[in-house]
Structure formats: structure tokens, C-alpha cells
Amino acid sequence: MSFRATVLTLYPEMFPGHLGASLSGRALERGQWSIDAVQIRDFAEDKHRTVDDTPAGGGAGMVLKPDVLARAIDAVSKDDDRPRLLMSPRGRPLTQKRVRELADGPGVVIVCGRFEGVDQRVIDGRALEEVSIGDYILSGGEPAALTLLDAVVRILPGVMGNELSGVHESFEGGLLEHPHYTRPQVFEGREIPAVLTSGNHGAIAKWRETEARRLTEERRPDLLPHPVKK
């Protein structure tokens, strides 16, 4: 069974975007995963196809209407066990652990917010899981949805040529990834660390683990079980 993504958006032309190229694009052509971008506006019932209204209590901007969005969600996932995600800056941060959980499932339904946000009643009523890709604001949920799908699709079985590529990298083992080197041996006066060309696989593995821990302590101590005090 292939991984199936349904994206609810006001801008379906943004999909599949970069996911239609490279490894994810070839996997899409092979049918290893699929994506369906659905226009939220198609579920508006007035002649102007209105999808937003002013916020209750006043304030700037507009809010996505719950009735329109609920109809859209129900149309694509009423009898569906795929998780329903809402890309939102106030959501829980996306982690590699959650990415792997999603990749192990049948797919996702992703709602792309716009304007000031989404009516809370549809978030609660349709059990939307709010997900954030970082502490910053985008113009809408579409770039965030593409980022989430990129992270998931690349680790689907058979997508990467070398399955180990998805295992030995940042966040998979709780640490940032170690530095990488390749030929030439000397570049602008800087040499490849001698241990990496020694042929001693035990020493190489130890060096990589040490470097991964050093970088994590320097840059992301929050990832460590017992964060290093500076």
C-alpha cells in the first residue's frame, strides 16, 4: 500500500512543487506515494466562494470559516484513519520521530492555514493535530506542508537508493550528524582527518560518534538527555 497524502489548500497549484523532482518525484512516478491537492474554496456554498470572515471579538486579518473547512475535511477523509494535520506556528515542533511515525502509516491529510488562522471549532471538531516546522511565520501552510512531506517521503521504503542514508544522519540517533569529507585529500590547505583514511573502521566509528556529540553539545545541547551547562 502506497503512502497517500491529501492536502487541503487555497493554492493547489503549489503542489507537488519540488516533491515532483529528484528522488521524491521518481517515487511519485513509480506510485510509491501519491498526492492530491484539494481546493478548499470548492466547498464554499455562496456565489462568491467565500472561505474567510472577520475574527470574532475584532482584530486584524481574516479567519478561515469552520463550515467550509469542515466540509472539505469530511469530503476527503470522513471514513479515513489517516492523521489530520494542520500546519500551524503554534503546533508541536515536527521531529524526526514524528516523521518516522507518519512514514510508517497509510498517509496524511494536511490542512494548510492562511490569513490569521483557522476557527478553533473545526480544529477541535475534526481533531486536527497542529504541527509546526519552526519558530517563524510563513505566508501560509503550503511551504510547511511541502517540508513535512519531503521529510516523510524520503524515508519511505525504496525511495532512497541506499536505505542507510536515512539512518545515519542528524536526529536519527539523538545527535547531530558528524562532519563529512571527500576527495581531494587537501583542499585550500585543509586536510581530511587522518583517521578517515586509516582504514581502521573501529577508530572511524569512534571519531564520528565523538564529533557528533561535540557538534550536538555546541549547537543543540537541548537534544542531549542531560543538556550540557554552559
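**Sheets, helices and one aromatic pair**

Three strands make up an open sheet with the order 3-4-7 and mixed pairing. Its edges are taken by strand 3 (52–53) and strand 7 (117–118); each has a single partner strand, so one side of each goes without a neighbour in the sheet. All of this is read from a predicted model. Strand 3 runs antiparallel to strand 4 (residues 63–64), and two bridges join them. Asp-53, for instance, has Val-63 in strand 4 as its bridge partner.

There is also an open sheet of five strands, and here the order is 2-1-6-5-8, with parallel pairing. Strand 2 (33–39) and strand 8 (129–132) sit at the edges with a single partner strand each, so one side of each is left without a neighbour in the sheet. Going from one strand to the next, the twist averages 35°. As a bit of background, the strands of a sheet pair through backbone hydrogen bonds, and they do so either parallel or antiparallel.

Now for the pairings one by one, starting with strand 1. Strand 1 and strand 2 are paired in the parallel sense, over seven bridges. Strand 1 is also largely enclosed by the rest of the structure, because six of its seven residues are buried. Arg-4 lies in this strand, strand 1, and its bridge partner in strand 2 is Ser-34. How buried or exposed is Arg-4? With a relative accessible area of 39%, Arg-4 comes out as partly exposed, because that value falls between the 20% limit for buried and the 50% limit for exposed. Leaving out residues up to four places away in sequence, Arg-4 touches Ser-34, Asp-80, Arg-82, Pro-106, Gly-107 and Val-108. Take Val-108 from that list: Arg-4 and Val-108 are 104 residues apart in sequence, yet their C-alpha atoms are 6.5 Å apart in space.

Further along the sheet, strand 5 (residues 84–93) and strand 6 (residues 107–112) run parallel and are joined by four bridges. Leu-85 has Ile-110 as its bridge partner in strand 6, while Leu-86 has Val-111. Strand 5 pairs with strand 8 as well, again in the parallel sense, over five bridges. On that side, Leu-86 stands opposite Glu-130 in strand 8. Leu-86 therefore has a partner in each of two strands, Val-111 in strand 6 and Glu-130 in strand 8.

Helix 5 is next. This helix lies across strand 1 (3–9), strand 2, strand 5, strand 6 and strand 8, and runs at about 165° to strand 6. One residue of helix 5 worth a look is Glu-142. Glu-142 has a relative accessible area of 0%, so it counts as buried. What is Glu-142 in contact with, leaving aside its neighbours within four places in sequence? The list is Thr-9, Leu-10, Tyr-11, Met-14, Phe-15, Cys-112, Gly-113 and Arg-114.

Helix 5 also meets helix 3. Two packed helices are described by the angle between their axes and by the distance between those axes. For helix 3 (residues 96–103) and helix 5, the axes come within 9 Å and cross at roughly 70°. That angle makes helix 3 roughly perpendicular to helix 5. Val-99, Leu-102 and Ala-103 make the contact from helix 3, and Leu-148, Ala-151 and Val-152 make it from helix 5. As for character, the residues of this contact are six nonpolar, no polar and no charged.

Last comes the aromatic side of things: the structure holds one aromatic pair. The partners are Tyr-181 and Trp-207, set 6.4 Å apart centre to centre, with 55° between the planes, which makes the pair tilted. Where in the chain do Tyr-181 and Trp-207 lie? Tyr-181 is in the loop between helix 5 (142–153) and strand 9 (186–187), and Trp-207 is in helix 6 (residues 201–219). With the two positions 26 residues apart, the pair links distant parts of the chain. Tyr-181 has 45% relative accessibility, so it counts as partly exposed. Trp-207, at 17% relative accessibility, counts as buried, because buried means under 20%.

Note on methods:
Residues numbered from 1 in each chain as written. Predicted model: local features only at pLDDT ≥ 70, side-chain atom pairs only at ≥ 80, totals over all residues. Heavy atoms only, no water. Phe/Tyr/Trp six-rings, centres within 6.5 Å; stacked < 30°, edge-to-face > 60°. Buried < 20%, exposed > 50% of the residue type's maximum accessible area, 1.4 Å probe, protein only. Pairing = 2+ DSSP bridges. Axes fitted to C-alpha atoms, helices over the stretch in contact; angles between N-to-C directions. Contact = heavy atoms within 4.5 Å. Parallel < 35°, antiparallel > 145°, perpendicular 65-115°, else oblique. Nonpolar A, V, L, I, M, F, W, Y, C, P; charged D, E, K, R; others polar.
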